[in-house]
Amino acid sequence: MAALKFLLTSSGISNKSIQKALVALLGKPIAESSALVIPTAAYWFAQGPGIAYRLISGKASTALVELGWKSLGVLELTALSSIDEQSWVPLVREVDALLVGGGDPMYLCDWMRKSGFADQLPSLRPEVVYVGVSAGSMAVTPSFGQSYNDRDTRGYRGLELVDFSLAPHLDHPNMPDNSMAEYAKWAAGVPVPTYGIDDETAIQVVDGTMEIISEGHWRLFTPSH
């Protein structure tokens, strides 16, 4: 189990409460902290290059890279297997925060494993903060239910670094499949508790202790079996 801290968001650092939680997890101001941003999850979608660009350039709908980090780099997981580990592992070990963007959680998990990135997570310093956005948050959970993004996900295992699953963008006006009713149906096929969170909510996990940070709304769905 990874010792690092988690701030699992739906859409990034969307309000003052979530930003305050991030600073507290870092233990120092953002301006004194280094970060690596990981856009890999976006590329599963046809519009992935645009999503990745907006994440990296700070033009996404919610703040993440534009928070005033002391230093910021891009870690592209699909490139890592083609380069020497010494070209990237030391950076991952030294950084204060990992900013893992949204897209498709299965694609992200697959590349986390193929690249060797997932193998590094358990040995990172406990001070490191993993900041997930949407799929970036889902990747560290155990399960994506019985189906996700029109694919059969029964038996697929996430990284299992936390003991609950996550349903982001709850009740988003532009995502009808993310309604409370639809998420209740989806969560019924998840073998662990599932938190549905809207874009103003995040889940903080430190040493196995979970806390909801919210200026919006969320719901806990319990397994049906």
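This report describes charged pairs, aromatic pairs and strand pairing in a predicted model.

## Salt bridges between loops

Side chains of opposite charge can pair when their charged atoms come close. In this model the count comes to seven salt bridges, and one of them joins the side chains of Asp-96 and Arg-125, with 3.9 Å from N to O. Asp-96 belongs to the loop between α4 (89–94) and β4 (97–100), while Arg-125 belongs to the loop between α6 (117–120) and β5 (129–133), so this salt bridge ties together parts of the chain that are 29 residues apart in sequence. The two partners can also be described by their accessibility: Asp-96 counts as buried, at 12% relative accessibility, whereas Arg-125, at 30%, counts as partly exposed.

Arg-125 also forms a salt bridge with Glu-127, and here the closest N and O atoms are 3.6 Å apart. Glu-127 is partly exposed, with a relative accessible area of 42%. Asp-96, Arg-125 and Glu-127 belong, together with Lys-28, to a network of residues linked by salt bridges.

## A salt bridge within helix α8

Another salt bridge is formed where the side chains of Lys-185 and Glu-182 meet, at 3.3 Å from N to O. Both residues are in helix α8 (residues 180–187), and because they are three residues apart there, about one helical turn separates them. Lys-185 is exposed, with a relative accessible area of 59%, while Glu-182, with a relative accessible area of 32%, is partly exposed.

## Aromatic pairs and a charge over a ring

Across the whole structure, a search finds six aromatic pairs. One of these is formed by Phe-6 and Tyr-130, whose ring centres are 5.6 Å apart and whose planes stand at 55°, so the pair is tilted. Phe-6 lies in strand β1 (residues 5–9) and Tyr-130 in strand β5, and the pair therefore ties together parts that are 124 residues apart in sequence. Phe-6 and Tyr-130 are both buried.

In the pair of Phe-164 and Tyr-195, the ring centres are 5.4 Å apart and the planes are at 80°, so the pair is edge-to-face. This pair links distant parts of the chain, with Phe-164 in the loop between β7 (151–152) and β8 (165–167) and Tyr-195 in strand β9 (residues 194–197), 31 residues apart. Both of these residues, Phe-164 and Tyr-195, are buried, and ring pairs link them with Trp-218 into a cluster. Elsewhere, a charged residue is found over an aromatic ring: Lys-114 lies over the face of Trp-111, at 4.8 Å from the ring centre.

## Strand β9 and its neighbours

In a regular strand the side chains alternate between the two faces of the sheet. Both faces of β9 are covered, with Thr-194 and Gly-196 buried on one side and Tyr-195 and Ile-197 buried on the other.

Strand β9 runs parallel to β8, and three bridges join the two strands. Tyr-195, which takes part in the edge-to-face pair with Phe-164, is also the bridge partner in β9 of Leu-166. Between these strands the chain passes through α8, and the resulting β-α-β crossover from β8 to β9 is right-handed. With strand β12 (residues 218–221), β9 pairs in the antiparallel sense, over four bridges. In this pairing Gly-196 stands opposite Arg-219 in β12.

Definitions and conventions:
Residues numbered from 1 in each chain as written. Predicted model: local features only at pLDDT ≥ 70, side-chain atom pairs only at ≥ 80, totals over all residues. Heavy atoms only, no water. Salt bridge = Lys/Arg side-chain N within 4 Å of Asp/Glu carboxyl O. Buried < 20%, exposed > 50% of the residue type's maximum accessible area, 1.4 Å probe, protein only. Phe/Tyr/Trp six-rings, centres within 6.5 Å; stacked < 30°, edge-to-face > 60°. Lys NZ or Arg CZ within 6 Å of the ring centre and 35° of its normal. Pairing = 2+ DSSP bridges. Right-handed = clockwise from strand over helix to strand, strands pointing away.
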